[in-house]
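Open the model in your viewer and keep the sequence panel visible. The stops below go from one selection to the next.

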Amino acid sequence: MKTPRKFRCLAPAVALALLAVAALTLEGCAPKSISGARQQGSSQQQGGGGTGKPYTVRGKTYRPYTTAHGFTEVGVASWYGPGFHGKKTSNGEIYNQNAMTAAHKLLPFNTSIRVTNLDNGRSTVVRINDRGPFVDNRIIDLSRRAAQELDMIGPGTARVRLEATDSKKPILTADGDMLGRFYVQIGAFGVAANAQKQLSAIKKQGLNGRILRSATSALSYVQVGPFPSIDRAEDMLTRLRGAYPGLFVVAE
C-alpha cells in the first residue's frame, strides 16, 4: 500500500528554464538555492527555493506540505521589512512590507493563516508567499505590516499560534493516491509570447495544457494537464522529465 501523500508539495511556483526553449528569451524567475537564513527583521533568504518542490537550506531538506487542512502550530514569530521591500519572494512575487504576507518553511504558497499573538491576544490573517525563517525556534516570518497588527515591531519576536483558515481536505484513495485537479508545470516566463510558444509546442505533441498568469507579477506559468489524481500527474512528469528539467506537479 502506498503512503498517503497528504504533505507533499504541490503549490504553484516558478520553474527552471526549459532546455527545449533555450533559444527563447526567458525573463521569468527560476528557483535558486537559498544562500542564507533570514534573521529577525534584517536578512532574507536569497533566490527562490521551496517554490513548490523540496528545497535545501544549510544541508537540511524541506518538503512543503500538499495541503494546510487542519494545520495549527505554536511557536515564535519574527518579522522582516525595509531591507527586502521590493525584492522577490520565493514564489516570484515582489515583497511588499506593507502587505499582509508571511514566510513559512512548509506551508503551501497562498495559504491564508490566522496568526494570534499569545502575549497580547491580537490576531491577524496573512498569506504565505515566501520561505523561512531559517533561524532556530522561529516558525513564521511576518511582513512589517502584519507585525504592526500584532504589536510586535518593538520586541521583534512574539509567541504566536498559527491556524489555517481556508484549506481544503484532500481526498485520498485506499492505495494512497490523491484525487483532485493536478497539472505538471514545465515553465515560467516573463514574456507572455514565449509562454504562448511553449504552450503551442506541447499541444503539437498531443498534450493538453494551459497558461496560468500570476495575479501579482508579470510571470506566465505553462502547465500540462489537468489530471484527475497525483499519480496520473506524476506519470506525465516522468514522461516529460528528459525534455523539461525542473518540472513539478502543482495542485489547483
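**Strand pairing around β7**

Select β3 and β7: these strands pair in the parallel sense over five bridges. Strands here are DSSP runs (E, at least two residues), as helices are (H or I, at least four residues), numbered from the N terminus, and two strands count as paired if DSSP finds at least two bridges between them. This is a predicted model, in which local features need pLDDT of at least 70 and side-chain atom pairs count only at pLDDT 80 or more, while totals for chains, interfaces and linings use all residues. Residues are numbered from 1 along each chain as its sequence is written, and side-chain values use heavy atoms, with hydrogens and water left out.

Within this pair, V76 stands opposite R138 in β7. Now add β4 (101-103). β4 and β7 pair in the antiparallel sense over two bridges, and A103 has D141 of β7 as its bridge partner. Colour β7 by accessibility: six of its six residues are buried, where buried means under 20% relative accessible area, exposed over 50%, and partly exposed in between (1.4 Å probe, protein chains only).

**The barrel**

Extend the selection to six strands, which close into a barrel in the order β3-β7-β4-β6-β5-β8 with mixed pairing. From one strand to the next the twist averages 45 degrees; axes are lines fitted to C-alpha atoms, for helices over the stretch in contact, and angles run from 0 to 180 degrees between N-to-C directions. Between β5 and β8, which run antiparallel, there are five bridges. R114 is matched there with E163 in β8.

**Two cores**

Which residues have the most contacts inside the largest nonpolar core? Select V115, I140 and L142, in a core of 27 residues. Such a core is a set of buried Ala, Val, Leu, Ile, Met, Phe, Trp, Tyr and Cys residues joined through side-chain atoms within 4.5 Å. Elements that each supply at least two of its residues include β3 (72-80), β5 (112-117), β7 (138-143) and α1 (144-149). A second, separate core has 21 residues, among them F182, I202, M236 and L237.

Show the surroundings of I140. Leaving out residues up to four places away in sequence, its contacts (heavy atoms within 4.5 Å) include V76, A102, V115, I128, P133 and L162.

**Helix α3**

Move to α3 (residues 230-240), whose buried residues are I230, D231, A233, E234, M236, L237 and L240. These buried residues pack against β10 (178-189), β12 (220-229) and β13 (248-251).

**Loops and backbone details**

Select N91, in the loop between β3 and β4. Is N91 buried or exposed? N91 is buried, because its relative accessible area is 6%. Its side chain makes polar contacts with the side chains of T89 at 2.7 Å and E93 at 3.1 Å. A polar contact is a pair of N or O atoms within 3.5 Å; within protein, one must be able to donate a hydrogen and the other to accept it, and residues adjacent in sequence count only if both atoms are side-chain atoms.

Next, check two peptide bonds:

- G132 and P133 are joined by a cis peptide bond, with omega about -5 degrees; P133 lies in the loop between β6 and β7.
- G225 and P226 are joined by a cis peptide bond, with omega about 10 degrees; P226 is in strand β12.

Finish with N137, in the loop between β6 and β7. Its phi is near 70 degrees, a positive value in a residue other than glycine. N137 counts as exposed, at 68% relative accessibility.
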